[in-house]
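Open the model in your viewer and get your selection tool ready. We will go from stop to stop, choosing a few residues each time and looking at what surrounds them.

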Amino acid sequence: MIRTRFTEMFGVQHPVVQGGMQWVGRAELTSAVANAGALGFLTALTQPTPEDLVKEIARCREMTDKPFGVNLTILPTLVPRPYGEYIDAIISSGIKIVETAGNSPKPFLPKFKENGVKIIHKCTSVRHGISAEKVGVDAISMDGFECAGHPGEDDIPNLVLLPAAANVIKIPMIASGGLADARGLVAALALGCEGVNMGTRFMATKEAPIHQRVKEAIVGSDERSTALILRTLRNTSRVFGNSVAKKAIAMEKEGKGIEEIGPYVAGAKGRVVYETGDMEHGIWSAGTSMGLINDIPTCKELVDRIVSEAEAIIKARLGGMAA
Ligand code: NAD
């Protein structure tokens, strides 16, 4: 058992989180993570409407009686999304933990707080972490350059980002980006965090509701298999380095804008990859942690393994060195 301020604050057994993942964060995965004693998040925008989110939360509750949360990412989208209505759906469903990402959660905090919702805000820089703490979020998920999805524009990996943040942030912080095993968890604790957030690692689990070929691609790839798209638009996204990602980067080099690149990088196309296993149909998020992922366990096998191996590293390996 590893107890931290994070496990205490959020009432979970293990300091392990499955963060928001567009098209992946559905009830099958989130409930399996919760049942494994970790903290899972449904991804709000994966559901086409707020009403569908209400149904997905209810479906997840049928699959677990443990706590879980909802991720709400506020970034530019190709089709406008009604964020206020998604927030109402989250609150009316009785969700008490929300992971916000992409933009400051300040405008929504009063409403969440009034309804007893705790906020974990995902940040990609120390300065954003300081601001989030100042406006009153409950915890920070600090996302290093290694991560899948949007790493921000500073390109600071976690070996520096996490301790730099821990130097100035007082609320509980978890590490995100490049984490996939027990060594990552122990390192995150050593660097000043209270737990880890993992995305790509949870995609390669039996319960992840995505095509087997995507899971096998994660296992078969290494830390060099990602690509950074949308850099020129200052909305960088780390995705699997397939032919569509390369096409998008080539278009960026030609100076093309979102109007022309959008049809290639659209999430709707990435969703088809997850559903059909047609690996070149669109872009799909993946992190450098692919270099550490070599199997497709159940969520429980994964979480149990990470925690038990982390305990062994702390007690036997590090404890022995200190003695
Ligand atoms: P989408 O199809 O609307 O957009 C595809 C990509 O283009 C996204 O990266 C988006 O941020 C970017 N984009 C759209 N309009 C843009 C603009 N005007 N300028 C610059 N970039 C632009 O995205 P989606 O797949 O439907 O996902 C919905 C939202 O969730 C997006 O904002 C996406 O970035 C975000 N997301 C969240 C997670 C998560 O883990 N929560 C993971 C991946 C993506």
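Before setting off, keep in mind that this is a predicted model.

**Stop 1: the crossing of H2 and H3**

Start by selecting residues 27–35, which form helix H2, together with residues 50–63, which form helix H3. Their axes come within 9 Å and cross at roughly 40°. The two helices are therefore oblique to each other, and their crossing is right-handed. To see the contact itself, show side chains for Ala27, Glu28, Thr30, Ser31 and Asn35 on H2, then for Glu56, Arg59, Cys60 and Met63 on H3. Coloured by type, the residues of this contact divide into three nonpolar, three polar and three charged.

**Stop 2: what surrounds H2**

Stay with H2 and ask: how many of its nine residues are buried? Seven are, so H2 counts as mostly covered, a residue being buried when its relative accessible area is under 20%. Select Ala27, Leu29, Thr30, Ser31, Ala32, Val33 and Ala34 to display the buried residues of H2. Now bring up their cover, which includes strand S1, strand S2 (39–43), H3, helix H9 (200–203) and helix H14. Just after H2, stop at glycine 37, where phi is positive at about 90°.

**Stop 3: the loop leading into H2**

Step back along the chain to the loop between S1 (16–18) and H2, where you will find glycine 20. Is glycine 20 buried or partly exposed? With 21% relative accessibility, glycine 20 counts as partly exposed. Not counting residues up to four places away in sequence, glycine 20 touches Phe41, Thr43, Asn71 and Glu99. For a long-range reference, draw a distance from the C-alpha atom of glycine 20 to that of isoleucine 296: the two residues are 276 residues apart along the chain, and these atoms are separated by 19 Å.

Tryptophan 23 is in the loop between S1 and H2 too. Tryptophan 23 is buried, with a relative accessible area of 13%. Check its backbone as well: phi of tryptophan 23 is near 75°, a positive value in a residue other than glycine.

**Stop 4: threonine 124 and helix H7**

Next, select threonine 124, in the loop between strand S5 (118–123) and helix H6. Threonine 124 counts as buried at 19% relative accessibility. Leaving aside neighbours within four places in sequence, its contacts are Met142, Asp143, His150, Pro151, Gly152 and Leu161.

Leu161 takes you into helix H7 (residues 158–166), where Asn158, Leu161, Leu162 and Ala165 are buried. These four cover an arc of only 90° around the axis, which puts them on the same side of H7. Their cover includes helix H6 (126–135), strand S6 (139–143) and strand S7 (173–176). Which exposed residues sit on the face turned away from the buried side of H7? Select Leu159 and Val160 to see them.

**Stop 5: H11 against H12**

Move on to helix H11 (243–253) and helix H12 (residues 258–265). H11 and H12 pack at an angle of about 175°, with their axes 10 Å apart. That makes H11 roughly antiparallel to H12. On the H11 side, show Val244, Lys247, Ala248, Met251 and Glu252; they meet Glu260, Ile261, Tyr264 and Val265 in H12. The residues of this contact divide into six nonpolar, no polar and three charged.

Keep H12 on screen and highlight its buried residues, Ile261, Gly262 and Val265. They cover an arc of only 120° around the axis, which puts them on the same side of H12. Strand S9 (226–229), H11 and helix H13 (267–276) are included in what covers them.

**Stop 6: two loop residues to finish**

Select leucine 230, in the loop between S9 and strand S10 (237–240). Leucine 230 is buried, with a relative accessible area of 8%. Its phi is near 60°, again a positive value in a residue other than glycine.

Last, go to histidine 281, in the loop between H13 and H14 (299–322). Histidine 281 is partly exposed, with a relative accessible area of 33%. Setting aside neighbours within four places in sequence, histidine 281 is in contact with Val244, Lys269, Val272 and Val273. For a closing distance, pick the C-alpha atoms of histidine 281 and arginine 271: these residues are ten apart along the chain, and the atoms are separated by 9.0 Å.

Notes
Residues numbered from 1 in each chain as written. Predicted model: local features only at pLDDT ≥ 70, side-chain atom pairs only at ≥ 80, totals over all residues. Heavy atoms only, no water. Axes fitted to C-alpha atoms, helices over the stretch in contact; angles between N-to-C directions. Parallel < 35°, antiparallel > 145°, perpendicular 65-115°, else oblique. Left-handed = near helix turned anticlockwise from the far one by under 90°. Contact = heavy atoms within 4.5 Å. Nonpolar A, V, L, I, M, F, W, Y, C, P; charged D, E, K, R; others polar. Buried < 20%, exposed > 50% of the residue type's maximum accessible area, 1.4 Å probe, protein only. Arc of directions from axis to C-beta.
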